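Let's take a friendly tour of a protein model, looking at a few charged pairs and one helix. Have the 3D view ready as you read.

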Amino acid sequence: MISLSDLYHVLTAVVPLYVAMILAYGSVKWWKIFTPDQCSGINRFVALFAVPLLSFHFIASNNPYAMNYRFIAADTLQKVIVLFVLAIWSRMSSRGSLEWSITLFSLSTLPNTLVMGIPLLKGMYGEASGSLMVQIVVLQCIIWYTLMLFLFEYRGARMLIAEQFPDTAGDIISFKVDSDIISLDGKEPLETQAEVGEDGKLHVTVRKSTSSRSEIFSRKSHGGLNSGLSLTPRPSNLTNAEIYSLQSSRNPTPRGSSFNHTDFYSMVNGKNANMSPRTSNFGNFGFDEESGNAGFGRGNGVYGQGNAGYPALTNAGIFSPATGPVTKKKANGAEGGKDLHMFVWSSSASPVSEGGIHVFRGGDYGNELGVGAHPKDYDEFGREEFTFGNKQNLNGNEGPVLSKIGSTTELRPKIAQEEIKATALPPASVMTRLILIMVWRKLIRNPNTYSSIIGLTWSLVSFKWNVQMPAIIAKSISILSDAGLGMAMFSLGLFMALSPRIIACGNTVAAFSMGVRFLTGPAVMAAASIAVGLRGVLLHIAIVQAALPQGIVPFVFAKEYGVHPAILSTGVIFGMLVALPITLVYYILLGL
């Protein structure tokens, strides 16, 4: 039976975390102490120093030779079971998709173990449970987050191939990706160049769009951006610690292709009346800064409305033309409104990390300006967004998508992200090599990767030969790592205060996602733990840690790749609010 003193001990360990979160929330929401730009500075510190050093501290102080392999096996089995079930569901069910499989895997198996789990479980079950949580953190950082990256990059590669090579993907035998491309997430304009080898197979080179570069250069030379931010794709100056914003790259940009399908058919298959060579769906794309319209035209340089004169639609799908960088200014020339920040790392070379001033307004905002609607202040406009889901057009109906085939701009029905599938894919070895290249480029830009690997290496050395870390180094690390937990919770409070809504995905989807997070995840963990022979306190720890709120890094990936970010944001924000009562319920029930 759980005594009142036990509950007080748990509350003593956990309530201070909520105090830091509430103070941060009030400092923005009620007292207006911090501006969004100042929140960016706090987030930057947490992303680059506090959380990586906190992770290093826990991992380096944990004895890797005393790991509970049965507990690790239960955690691994839980994730393998979920992956297996989702793989069958995505293959067999008409509603199954890679996007939903990734989201459900995140919701059911990847809790917030580092920030919330370690102090909470220590308060419930003592210091020994903290060591078990550290072991799970190591596996998450090294194995499971890497697997998430692999799945997201596979999705990005599949969509790129489906769009650029709908009929000839099976003939691709090699990919070469320029060194300045670090992700296939669709945020940056990419183009593919294909060459047909002597064997009749395709060798594809992926690089950043040259037309996009020429547009940006011309726009900068004409003084088109008053914010002073460069839109030229280049590596972030934050060593890839991204400060995420609500407005950052909502609509992925189109990827042009220089590959001529007609030439390929004529070279490989000869003339065949049954063949239907198809050029790229997207031609050159431009943006009219005066009106906020995106248009299609020929040639290079800066485009206005061109011959087509269409504004980019808000529901233009995953490869739809974005409306471009539109900055809403107040009367005094300052940027209006607030941005939604998150203390997370990222390897995207995104302009939102430049100085913490966010000027990108994709989709709805630019289009309303473009069609002559009355401009709205940021606080009045679009506060319900934070989703990459399908939007409605200005008339309230779901409109068609602009696509460009050859020199003719035509309308075609909208295709949902989950329905974009390649008719054929390159050989598995080719796809695997492409994805591994992209995953490696992201991992080497992730500070948590280094903290986990260095911390694990040091723990192996120190506990093997009883080597002590020099005091000058240990104190230099501890002075920042000791602040890591409080600053992480403080940054979460800022994130909640700057969020448009706590429940960003709607009540029904939120209820479903919370059920997956707090019911399905612990249930599968309980089954996996019993299967490997966990009993008693270890079984209780395994179940309670599976009922922790949603992890932060999966939300980062979802936001970056545009896969159900509203669902994951709800899991982070709402999950933090209900985490304490839910875990206490589990703690009490398991202790009966």
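## A bridge between two helices

In this predicted model, the side chains of Glu 99 and Arg 155 come together in a salt bridge, with 2.8 Å from N to O. Glu 99 sits in helix α4 (residues 98-109) and Arg 155 in helix α6, so this pair ties together parts that are 56 residues apart in sequence.

Are these two residues buried or exposed? Glu 99 is buried, with a relative accessible area of 1%, and Arg 155 also counts as buried, at 2% relative accessibility.

## Two more salt bridges

The structure holds seven salt bridges. Another of them joins the side chains of Asp 171 and Lys 201, at 3.8 Å from N to O. This pair links distant parts of the chain, 30 residues apart: Asp 171 is in the loop between α6 and β1, and Lys 201 is in the loop between β2 (190-196) and β3 (202-208). Asp 171 is partly exposed at 24% relative accessibility, and Lys 201 is partly exposed at 30%.

Now look at helix α3 (residues 69-92), where Lys 79 and Asp 75 are four residues apart and so separated by about one helical turn. Their side chains form a salt bridge of 2.8 Å, N to O. Lys 79 is buried at 1% relative accessible area, and Asp 75 is buried at 2%.

## Helix α10 and its cover

Helix α10 (residues 428-443) has 16 residues and spans 22 Å from its first C-alpha to its last, close to the 22 Å expected. Its buried residues include Val 430, Leu 434, Met 438 and Arg 441. Among the elements covering the buried residues of α10 are α6 (127-164), β1 (172-177), α11 (447-465) and α15 (552-561).

Definitions and conventions. Residues are numbered from 1 along each chain as its sequence is written. This is a predicted model: local features need pLDDT of at least 70, side-chain atom pairs count only at pLDDT 80 or more; totals for chains, interfaces and linings use all residues. Side-chain values use heavy atoms; hydrogens and water are left out. The expected span of a helix is 1.5 Å times one less than its number of residues. Buried means under 20% relative accessible area, exposed over 50%, partly exposed in between (1.4 Å probe, protein chains only). Contact means heavy atoms within 4.5 Å. A salt bridge is a side-chain nitrogen of Lys or Arg within 4 Å of a carboxyl oxygen of Asp or Glu.
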